[in-house]
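Here are my notes on the model you sent round. Have the structure open while you read, and poke at the residues as they come up.

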Amino acid sequence: MKQVQILMYHRVGNFPGRVKAHGALYCHLPRFRAQMKMFKVLGYGVISLDEAAAGLRGDAPLPPRPLVLTFDDAYVDFLENAAPVLKAHGYPATVYAVSSLVGKTSAWVAPEGLEPAPLMNASQLREVQDLGFTIGSHTVTHPRLADADDARIHAEMRDSKRALEDILGQRVEHFCYPYGSHDLRAVEAAAAAGYVTGTTCVRAAATPADDLLTLPRKAVSRGDDVFGVAWKLLTKNLPKHAQIRRT
């Protein structure tokens with residue numbers, strides 16, 4: 001069965017030394033550069049989420065080793081650090097923005113003892129879009145959707161999509177569940193809002209058997225060198241638990 005690897009990044013920048021906790025929130029820029037080179041060496045074809053969705057539906061062919069790159073939260077350092085590297089390699093990517101925090105900071109990390117980081121403003125999001133990258137929705141306020149009531153789930157899905165479409169001037173068709181938190185209600189709300197794909201934090205490769213609104217991803221952490229990322233791509237392709245799918 002054809003597999004699509006989807007990698008999850010957050011911040012990309014200069015983070016020397018050890019990260020005591022939440023390593024998946026950071027990717028050291030020199031390692032990021034090395035990882036992007038490694039994909040070509042290993043023969044991975046980096047494609048967009050739109051191309052991946054079409055391939056998983058069977059509507060278009062996929063390259064031999066399809067790989068999708070996603071970046072949660074829309075940090076300013078994506079534009080400053082990740083985008084130039086991606087453009088140099090000709091790689092597409094999807095960046096998920098939290099609509100009510102555009103131009104603000106990742107305030108949701110403060111209770112976990114982390115320093116909030118700057119998020120892209122509207123002009124920067126449009127710049128990223130103009131560079132050829134895709135902007136997706138990461139809700140209005142970055143909540144754990146599985147803990148929310150039905151009305152809030154629908155509002156987080158619907159209102160973030162509308163707000164980002166107003167900023168970008170084009171449709172927003174891709175969604176990412178904050179913290180990977182989702183249940184069937186959230187998946188059905190994503191469908192009702194009109195999203196084409198939804199990405200989770202379930203660690204596995206995506207296959208045509210998956211619901212496009214619960215696509216699994218593999219997190220890249222601060223401690224991952226090229227060998228660690230290569231190992232993640234080659235292994236851990238089956239989810240530990242049954243994934244949520246609509247009937």
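The points below start with the whole chain and then go residue by residue.

1. First, a reminder that we're looking at a predicted model. Keep that in mind for every distance quoted here, since each one is computed from the predicted coordinates.

2. On the overall fold, the chain has seven helices and 10 strands. Its radius of gyration is 17 Å, close to the 18 Å that the globule rule gives for 247 residues, so the chain is as compact as a globular protein of that length. If you'd rather think in box dimensions, the C-alpha trace spans about 45 × 40 × 35 Å along its principal axes.

3. How much of the chain is buried? Of the 247 residues, 55% count as buried. As for what is left showing, the chain exposes about 10,800 Å², and carbon and sulfur atoms supply 52% of that area.

4. Sequence-distant pairs feature heavily in the contact list: take the contacts with a separation of 6 or more, and 66% of them come from residues 24 or more positions apart.

5. On charge, I get 29 positive and 25 negative side chains. The centres of the two sets lie 7 Å apart.

6. Now Asp77, which sits in helix α3 (residues 76-89). Is this acidic residue buried or exposed? Its relative accessibility is 7%, and the cut-off for buried is under 20%, so Asp77 counts as buried. A polar atom of the Asp77 side chain lies 3.3 Å from the backbone nitrogen of Val12. Beyond its neighbours within four places in sequence, Asp77 is in contact with Arg11, Val12, Phe15 and Ala82, so do click through those four if you're looking at this spot.

7. Gln129 is another polar residue to look at, this time in helix α4 (residues 122-130). At 14% relative accessibility, Gln129 counts as buried too. Which side chain does it pair with? The partner is Gln170, through a side-chain to side-chain polar contact of 3.2 Å. Setting aside neighbours within four places in sequence, Gln129 is in contact with Ile135 and Leu168 as well as Gln170.

8. Last one: Phe227, in helix α7 (residues 226-234). This aromatic residue is exposed, because its relative accessible area is 65% and the exposed class begins over 50%. Look across to Gln35 while you're there: Phe227 and Gln35 are 192 residues apart along the chain, yet their C-alpha atoms are separated by 8.9 Å.

How values were computed. Residues are numbered from 1 along each chain as its sequence is written. This is a predicted model: local features need pLDDT of at least 70, side-chain atom pairs count only at pLDDT 80 or more; totals for chains, interfaces and linings use all residues. Side-chain values use heavy atoms; hydrogens and water are left out. Helices (H or I, at least four residues) and strands (E, at least two) are DSSP runs, numbered from the N terminus. Buried means under 20% relative accessible area, exposed over 50%, partly exposed in between (1.4 Å probe, protein chains only). A polar contact is a pair of N or O atoms within 3.5 Å; within protein, one must be able to donate a hydrogen and the other to accept it, and residues adjacent in sequence count only if both atoms are side-chain atoms. Contact means heavy atoms within 4.5 Å. The radius of gyration is taken over C-alpha atoms; the globule rule is 2.2 Å times the number of residues to the power 0.38. Accessible areas come from the Shrake-Rupley method with a 1.4 Å probe; for residues, only the protein chains shown count as cover. Lys and Arg count as positive and Asp and Glu as negative; His and the chain ends are not counted. The place of a charge is taken as NZ of Lys, CZ of Arg, CG of Asp or CD of Glu.
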